[in-house]
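Open the model in your viewer and get ready to select residues. We will go one stop at a time.

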Amino acid sequence: MLERIERGDLWAHAQPDDAIERAASDVLGRSPSWSPEVDIWGHDDATCLTMIREGGRIVEVLLRVDLRSVQRAELARLLDGLRRARVLLVDETKRLHEPTLPAVLHALKMSKAWRYLQDPRAFIASLSDPEGRD
């Protein structure tokens with residue numbers, strides 16, 4: 001883990017090159033989109049990468065890893081492509097991670113999705129914790 005990120009607009013001063021799109025295409029395949037400003041690789045009900053543009057500029061890149069069905073080799077290939085594109089990943093707690101398999105596996109194991117998969121009842125019970133812990 002690198003550090004916490006608090007910046008709102010991560011793409012304000014830089015735009016990714018084609019390496020992200022090539023990595024996503026090679027591993028996930030291009031999918032149809034509902035908007036000309038949204039590019040999707042993979043499927044929204046599985047592991048997918050979504051790139052959102054406003055006025056031709058990329059404003060957000062989202063990587064969703066489906067813990068129910070992700071293949072380790074597929075994830076490693078995608079992360080290798082993202083590493084070559086020189087990107088960092090930001091998790092749900094706004095922590096930065098190198099796009100390497102060990103770093104991402106660690107982040108996934110700290111995620112709410114992982115906790116849910118391990119024990120759905122305990123996770124759901126934690127959502128109503130009066131102390132606000134989850």
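Start with two helices, α2 (residues 72–84) and α3 (residues 101–109). Their crossing is right-handed: the near helix is turned clockwise from the far one by less than a right angle. Helices here are DSSP runs of H or I, at least four residues, and strands are runs of E, at least two, numbered from the N terminus.

Now select the contact (heavy atoms within 4.5 Å). Pick R72, L75, A76 and L79 on α2, then L101, V104, L105 and L108 on α3. By class, that is seven nonpolar, no polar and one charged residues.

A word on the model. It is predicted: local features need pLDDT of at least 70 and side-chain atom pairs pLDDT 80 or more, while totals for chains, interfaces and linings use all residues. Residues are numbered from 1 along each chain as its sequence is written, and side-chain values use heavy atoms, without hydrogens and water.

Next, stay on α3. Which of its residues are buried (under 20% relative accessible area, 1.4 Å probe, protein chains only)? Select L101, A103, V104, A107 and L108. Look down the axis: these buried residues fall within an arc of 165°, so they line one face of the helix. What covers them includes α2, β5 (89–90), β6 (96–97) and α4 (112–118).

Last stop: the largest nonpolar core, with 21 residues. A core is a set of buried Ala, Val, Leu, Ile, Met, Phe, Trp, Tyr and Cys residues joined through side-chain atoms within 4.5 Å. Select I20, L49, L75, L79 and L82, which touch the most other members. Then show α1 (18–27), which gives the most to this core, with five residues.

Notes:
Buried means under 20% relative accessible area, exposed over 50%, partly exposed in between (1.4 Å probe, protein chains only). The arc is that of the directions from the helix axis to the C-beta atoms. Ala, Val, Leu, Ile, Met, Phe, Trp, Tyr, Cys and Pro count as nonpolar, Asp, Glu, Lys and Arg as charged, and the others, Gly among them, as polar.
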